[in-house]
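Grab your viewer and work through a few short exercises. Try each task yourself before you read the solution.

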Amino acid sequence: MSSATAESIPTEASDTEPGYVHYVAADPRRQDSIENTRITEDGCWAITEQKKYYDFDYGKEYPVFIKRNLTPSEYTINQEGDLLLPYKCQERMRNEVAAIRYIQKYTTIPTPNIRCAFEDHGRYYIITDVVPGVALASLPSEKKAQVIKEVEGYRTQMHAIKSKVMGGLAGDVILPYRLSEVVPQDEEIKLRDADTVQFVLCHNDLSQHNILVDETTLKVNAIIDWEYAGFFPPEFDGKFYLRPGPSVALEGEADDVSTLLQVLNSWKA
């Protein structure tokens, strides 16, 4: 059986060359006065615009996976020379920890085992056990139906849990991935509570890359990447697990972002 960590990295990590040092222009918003070096230290196997990722096993029986947010001195720039500011990265990571613990308490949905999560000088770390298996996206098409049926059952479990309050599990309003791409990052969103329990628990980034499967049994080992999870109208939780690709509308698919923005605006305080 092959092994994958508790994060969907292959597409996200395409902006890095592990083992190399990347220099970007100085910027006054960085905390450090020196040129920013995007360095992959020992154990670090990917660095993106948002996070750094680590694997440590040293031959031990229980290897661990670590991810943390970037500090301002590690931010990068795009081709136009603009500094790329991560969108609520630390808030999303705190939300992921809260969501996984909530899911583990109230459902039977398999999730990564969190060893610990903590902040240290602006860096928020999540340390989990490595989840064995492969991403659903990498399975042959003829093997996916069984897995998708299991995922549908887990999604039903989530949607059976309801709340009057819209938003994330850690107190912040963390929008679904596809909405976070279009809402201004500096916009502070405040939402009204509902009169009845009508918002359902959503994953909000449930793509095939975030479902790790045992290649032999075709059972789901874990659903991962809960950063965008929270209570929202059920239509916010798109069925992106039905095909490979990110949790956004692909070419030829109906794009529901404008509709969801209208729903979101109707709930603003």
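The exercises below use a predicted model.

**Exercise 1.** Find where Ile-77 sits along the chain and decide whether Ile-77 is buried, partly exposed or exposed.

*Solution.*
- Start with the secondary structure: Ile-77 belongs to the loop that runs from strand 5 (64-69) to helix 1 (89-106).
- Next, take the relative accessibility, which is 28% for Ile-77.
- Buried needs under 20% and exposed needs over 50%, so Ile-77 comes out as partly exposed.
- Finally, check a distance: Glu-49 is 28 residues away along the chain, and the two C-alpha atoms are 8.7 Å apart.

**Exercise 2.** Describe the surroundings of Thr-111.

*Solution.*
- Thr-111 is in the loop linking helix 1 to strand 6 (114-120).
- Its relative accessibility is 14%, so Thr-111 counts as buried.
- Leave out residues up to four places away in sequence, and Thr-111 touches Ile-100, Ile-103, Gln-104, Ala-222, Ile-223 and Trp-226.
- Now look for polar pairs: the side chains of Thr-111 and Gln-104 make a polar contact at 2.9 Å.

**Exercise 3.** How many disulfides does a search of the whole structure find, and are Cys-44 and Cys-202 buried or exposed?

*Solution.*
- The test is a pair of cysteine sulfur atoms within 2.5 Å, and searching the whole structure gives 0 disulfides.
- Cys-44 has a relative accessible area of 8%, so Cys-44 is buried.
- Cys-202 is at 0% relative accessibility, so Cys-202 counts as buried too.

Note on methods:
Residues numbered from 1 in each chain as written. Predicted model: local features only at pLDDT ≥ 70, side-chain atom pairs only at ≥ 80, totals over all residues. Heavy atoms only, no water. Helix = DSSP H or I, 4+ residues; strand = E, 2+ residues; numbered from the N terminus. Buried < 20%, exposed > 50% of the residue type's maximum accessible area, 1.4 Å probe, protein only. Polar contact = N/O pair within 3.5 Å; in protein donor to acceptor, adjacent residues only side chain to side chain. Contact = heavy atoms within 4.5 Å.
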